[in-house]
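I opened this entry to look up how the ligand is held and what surrounds it. My notes follow the structure below.

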Amino acid sequence: MRVAIAGTGAFGRNHLRVYRELEQAGLGVALVAAVEPDSARAADTAAKYAIPVFSSVDELLSADLHLNAASVAVPTVHHHEVASALLDAGLDLLVEKPLAATLVEANDLVERSEKSKRILQPGHLERFNPAVLAVQPQLRRPMFFEAHRLSIFTPRSLDVDVVLDLMIHDLDIVLTFAKSPVREVRAVGLPILSPKVDIANVRVEFESGCVANFTASRVSTERVRKLRFFEPRQYVSIDYARRDVLVIRLDGQSGGGLPPEIAAALASGKADPVLLAQLAAAGLDGPAPGLSFGKPEVAPGEPLRLEIESFLGAVRTRREPHVTARQGRDALALALEIQSSMAAHAHRAGLLDFFEPGA
Ligand SMILES: NC(=O)c1ccc[n+]([C@@H]2O[C@H](COP(=O)([O-])OP(=O)(O)OC[C@H]3O[C@@H](n4cnc5c(N)ncnc54)[C@H](O)[C@@H]3O)[C@@H](O)[C@H]2O)c1
């Protein structure tokens, strides 16, 4: 299978590395070319990977390289222009998240891929995080999510706000876990160091009654990647960065030796995770009747490699990818609804002076 990569910046470089690793492992894939308009980056990539690097997608397609598939890792605002040209040329695509910058563009990509029967997999990497894969079989009926994704500021991905840059990962995961249409969105977001929203807090309520709180920041003093959720009689905590999962379950009919308020909080599915961690630290994980602390086995593996292997599997078998184009579009639709809600809040709160026009 002959693949190319469009965009060899901060993240495209990871795609280059993984495809080359798979090629060297003899897994039936060859990294044949790249597209990179920045001449210094193009020269670096050509030298490091010994492949031709073209300055535009048109040049790549004129080179007659018999390509089967490509990764698109250009800035989000260029996803549609690059992905539509590659889809029309008959390539299967892995397009970095978010699928596109607008819903019109995302719908157009979904339509083009469906009409031409091309694979279009959006790069929602966290779906392949081994911690997420370990949790999926444990899912019961999640009713309350708390997502935190905080990063230290770097001047990258500033073509989009923090919702499209970071929060989109958690939006996709929660949409997948909650399995219900969105009923209501309430959001606040502020630009801090860039002209676009750098920190956002969002409450989403689903038709099922499930509620999700999302916080995303790219101006934090620490890096956090956590998703916690509560189900009746079960609490699950995922640390995406440490690829670690903790499941606390109330197995018996009563809380046994636990103080009644803790047993009641557990039974209602609203127990404070800090309190639960304290219980674990106090050694109440094993002996406390009715309460079990579990750490599901998390398989080893780099999410990007698992994502690319899964994409190549879909290309080979022509099966629907693990993350579908429609799911990428749905995550984007929620992100855009959040942006509208943030704009309405900024208007109500008289914060419009904080925002640059058009940001
Ligand atoms: N999955 C993840 O966790 C993750 C992490 C970071 C970035 N991303 C996504 O990857 C994409 C790229 O982000 P980045 O941080 O690497 O950005 P970047 O700016 O570092 O790199 C983008 C590269 O694309 C090149 N480029 C611009 N227009 C192009 C075009 N028309 N054709 C080919 N190349 C073009 C630029 O010259 C640049 O080298 C974004 O969509 C971003 O959201 C995903």
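I took a polar contact to be a pair of N or O atoms within 3.5 Å; within protein, one must be able to donate a hydrogen and the other to accept it, and residues adjacent in sequence count only if both atoms are side-chain atoms. This is a predicted model, in which local features need pLDDT of at least 70 and side-chain atom pairs count only at pLDDT 80 or more, while totals for chains, interfaces and linings use all residues. Residues are numbered from 1 along each chain as its sequence is written, and side-chain values use heavy atoms, with hydrogens and water left out.

I looked up the polar contacts and found a ligand oxygen 2.5 Å from a side-chain N or O atom of R41, and a ligand nitrogen 3.0 Å from a polar side-chain atom of E96. The protein buries 84% of the 860 Å² that the ligand exposes when taken alone (Shrake-Rupley method, 1.4 Å probe).

I then listed the shell, counting a residue if one of its heavy atoms lies within 4 Å of the ligand: 25 residues surround the ligand, and the closest are F11, E36, R41, H79 and K97. Domain 1 (2-124) and domain 2 (128-294), with bounds from an automatic or database domain assignment, each supply at least three residues of this shell.

Helix α4 (residues 79-88), a DSSP run of H or I of at least four residues, gives the largest share of the shell, 3 residues. I noted that α4 is largely enclosed by the rest of the structure, because 7 of its 10 residues are buried (under 20% relative accessible area, 1.4 Å probe, protein chains only). H79 and H80 are among those buried residues.

Key:
Helices (H or I, at least four residues) and strands (E, at least two) are DSSP runs, numbered from the N terminus. Buried means under 20% relative accessible area, exposed over 50%, partly exposed in between (1.4 Å probe, protein chains only).
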